[in-house]
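Thank you all for coming; today I would like to walk you through the charged pairs and one pocket of a protein model. Please have a look at the display before I begin.

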Amino acid sequence: MSALPPLACLALAALLLWLQPPRELSALLAVLAWLGICLHAWRQWRAGRSDALRGNGLPVAYASQGGQARTIAERSAAQLRGAGLPAQALALEALDLRQLPQPARLLLVASTYGDGEAPDHAARFERQLLGQHLDLRSLEYAVLGLGDLQYPQFCAFARRLDRRLRELGATPLFDRLEADRADPAVLRRWQQQLGQLAGNALFNDWQAVDYQPWTLSRRQCLNPDSRGAPVFHLQLRPDAAAADWQAGDIAEIGPCQPPERVAGLLARLGLAGEALQDDGHTLAWHLARRQLPDDVRGLLGLSAAQLLEQLPRLPHREYSIASLPGDGHLELLVREMRHPDGRPGLGSGWLCRHAAPGETIDLRVRANPGFRLPADCGPLILIGNGTGLASLRAHLRERARLGRHGHWLLYGERNAAHDRFFAAELEAWQRDGHLARLDLAFSRDQAEPVYVQHLLRKAADELRAWLARGASLLVCGSLQGMGREVDALLHGLLGSAEVERLREAGRYRRDLY
């Protein structure tokens, strides 16, 4: 609220004190002043709500009983604004889906209260949503559910919102995330998705990642002559106790700045990089893990401690794990990305270029429940492209370890001559029956591009037959293009009701980026 209403109240109070009018007139003026303040606050609320709903603004709506969802929504909106994407946090009851522009995007942060109920202030919105028959086919949305696994109706309200929006035709930007007691790993995943919405913008982790030291033991380029960006197969081993994970899990990597950039900053500031800090690490070690500005004038004259307080930490980067603990290494499949000006990407540049074999990598394994599978899930239909093969490979290895064979892999890349990742392994699985079917799409090998979704459309009858036998669908790879087109194709081939049934049964899982 602006300072105008309080100043007006002070002026009115001073005037009444000086004039000392009759009590009835004073009461009337006080009531009028109070109504004026209420009108001003309501207009401000309406203006903020309109800003969030019109133009290119991105509403981040929250349903919060105790304030946690509101805090996360406000942090989310601030992160998006900091990355140049207009965003506004607002309470769910202030959201009118009919006023959203077309097309539109919407982010929802929803707590569950009591026995699976909506927070008090959001209950009316849910009733209206269930009673309305809107056409939301032009809406893209994402849901972050907050709950507590100790309660049987975990994240029930967020699940109902997600289900109803799908029923009305809205398209998920990402699959729903569910955070048990504000699990930091899930919140970091949410932040990662926000960064993708803002064009892979640099952002600060809300909570520091508890990394462990790992050693980069091996790195190999799998497509040295490809016209596409180079893809590297990396192997890492933990420096301390053995780590544990499951197929579908994620490696959170703490990237570092190139050594020459750190040395250049130290030289311009006249500081000694080898100077030890209170935690036993050198100043250069700390700076390698910080966001470094190009203009250092504001940093001149600062001590090492002041410098580290001023510079925010680099955000983590996430990669699908391509191996199992029993393989002896944590393996990654990483494509080297570059900015428009040619500079390597933050995470891929560190892993594929700057970090030398034998060097320490900051890494944390994060469970990814939404892409894990139970042991008795039936045969798998695995669909992916690019480095999405990493997680699919881990699932195939896990099925082999369990003695569950007879799966179907549909995978796409650029050229068969250069981009057939893990070709020998896939062909061996096909020969021994672990892969009952292997369909490969190489988009640049013919005049008209062929993608995995084209192969899936041609095999529609086989797809239905596999699903009738209890198969589960796993999709991993790029969200734009492959991920969305495969989802749209499944809705067309199977019907939306069947896709939702598979999703609710845990037989349709996606890990897209």
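I will go through the salt bridges and then turn to a pocket.

What you see is a predicted model, in which local features need pLDDT of at least 70 and side-chain atom pairs count only at pLDDT 80 or more, while totals for chains, interfaces and linings use all residues. Residues are numbered from 1 along each chain as its sequence is written, and side-chain values use heavy atoms, with hydrogens and water left out.

As a reminder, side chains of opposite charge can pair when their charged atoms come close. Searching the whole structure gives 43 salt bridges, each being a side-chain nitrogen of Lys or Arg within 4 Å of a carboxyl oxygen of Asp or Glu.

Let me start with R503 and D175, whose side chains form a salt bridge at 3.7 Å, N to O. Because R503 sits in helix α16 (residues 496-504) and D175 in the loop between β5 (171-172) and β6 (177-180), this pair ties together parts that are 328 residues apart in sequence. Helices (H or I, at least four residues) and strands (E, at least two) are DSSP runs, numbered from the N terminus. R503 is buried, with a relative accessible area of 14%, whereas D175 is partly exposed, at 21%; buried means under 20% relative accessible area, exposed over 50%, and partly exposed in between, with a 1.4 Å probe and protein chains only.

In a second pair, R189 and E318 meet at 2.7 Å, N to O, with R189 in helix α6 (residues 184-197) and E318 in strand β10 (residues 317-320), 129 residues apart. Both R189 and E318 are buried.

How are R503 and D175 connected to other charged residues? They belong to a network of salt bridges whose members include R176, E178 and R510.

Finally, we come to the second largest pocket, a pocket being, on a 1 Å grid over the protein atoms alone, an open set of points where a 1.4 Å probe fits, with protein on both sides within 12 Å along at least five of seven lines; lining residues have an atom within 4 Å of a point. Its lining has 33 residues, and among those nearest the centre are R176 and E178, two residues that also take part in the salt-bridge network. The strand β17 (508-512) gives the most to this lining, with five residues.
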